[in-house]
Amino acid sequence: MIEFKKPNRFVEKVFIHCSDSDITSHDDWKVIDGWHKERGWEGIGYHYFITKKGELQIGRPLEKIPSAQYGYNTGSIAICVSGSKDFTEKSFVTLRQLCDEIDVEYDKLTFHGHCEVDKNKTCPVFDYKSVLGLNDKGYLKPSNSKELKPTPQENRVVEKHSVEVNKWYNNKLKIKMTNKLLQDNEGNLSSKRVAGYIVLATYLTLSVSGFYFMADIPVNKLSLLNGMGIMMLGLLGVGVIEKFAKKK
Ligand SMILES: [Zn+2]
């Protein structure tokens, strides 16, 4: 079993790709990793690579947004199947297993080929819709345990509704919380950064209020100079936080 673990970031779509090569030496995620590094990316743009023998290889960490479908990377998981013309049934078995495991973890998740979001591409070339058994909207046909669980009709409607409301609320919250300042290069919220700024803001508030109000110091040249000193420390703090937040 694959043991797919749901990432913390929001995911709503899975994209299927192919490696566009039937050369034996290209049948490995490390080769793709090399190609993508040459493009100046962080490394392999896909989360999974499936070899012709059906081996599942792990690429980019799931917590990271893929670099795989230009303009459609956010909210997606990217899977690459080895091959250009010659695909193997072994790869397809692994692909189906992986997609089933991913699907079980989500209430509403659709599966797509790269070609659906890039009209100039035929990727992943093979008939992924019938390999995976997708319906016309990209949902996996009921084959997993989630769908087989008998649920009374009324409950099903309520469940569906609360899932929708929760998703809507989470998205709202995400938009509110996600401030450009707190995101890293790939648009992800950095917890280090958030923690850093909270500490810094507390420090600045305490020192400024303590300095001017509690200590009852008159506002003159010297005290203003001290105030500037606190501001400089604040700026230094921002520098330190940024340095740490960028380090992975
Ligand atoms: Zn592709």
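Which residue of β4 is the bridge partner of F15? In β4, that partner is A78, and the close-ups below look at the strands around this position. The model is a predicted one, in which local features need pLDDT of at least 70, side-chain atom pairs count only at pLDDT 80 or more, and totals for chains, interfaces and linings use all residues. Residues are numbered from 1 along each chain as its sequence is written.

**View 1. Strand β4 and its covered residues.** Strand β4 spans residues 76-81 (strands, E, at least two residues, and helices, H or I, at least four, are DSSP runs numbered from the N terminus), and six of its six residues are buried, a residue being buried if 20 or more other C-beta atoms, placed from the backbone, lie within 10 Å of its own. S76, A78 and C80 point one way from the strand, whereas I77, I79 and V81 point the other way.

**View 2. The partners of β4.** Strand β1 (residues 13-18) pairs with β4 in the parallel sense over six bridges, where pairing requires that DSSP finds at least two bridges between two strands. Strand β2 (residues 48-50) also pairs with β4 in the parallel sense, over three bridges, and I50 has V81 as its bridge partner in β4.

**View 3. The open sheet and its edges.** Five strands form an open sheet of mixed pairing, in the order β3-β2-β4-β1-β5. Because β3 (56-58) and β5 (110-113) stand at the edges with a single partner strand each, one side of each is left without a neighbour in the sheet. β2 and β3 pair in the antiparallel sense over three bridges, and Y48 stands opposite I58 in β3.

Key. Buried ≥ 20, exposed ≤ 12 C-beta atoms within 10 Å, placed from the backbone.
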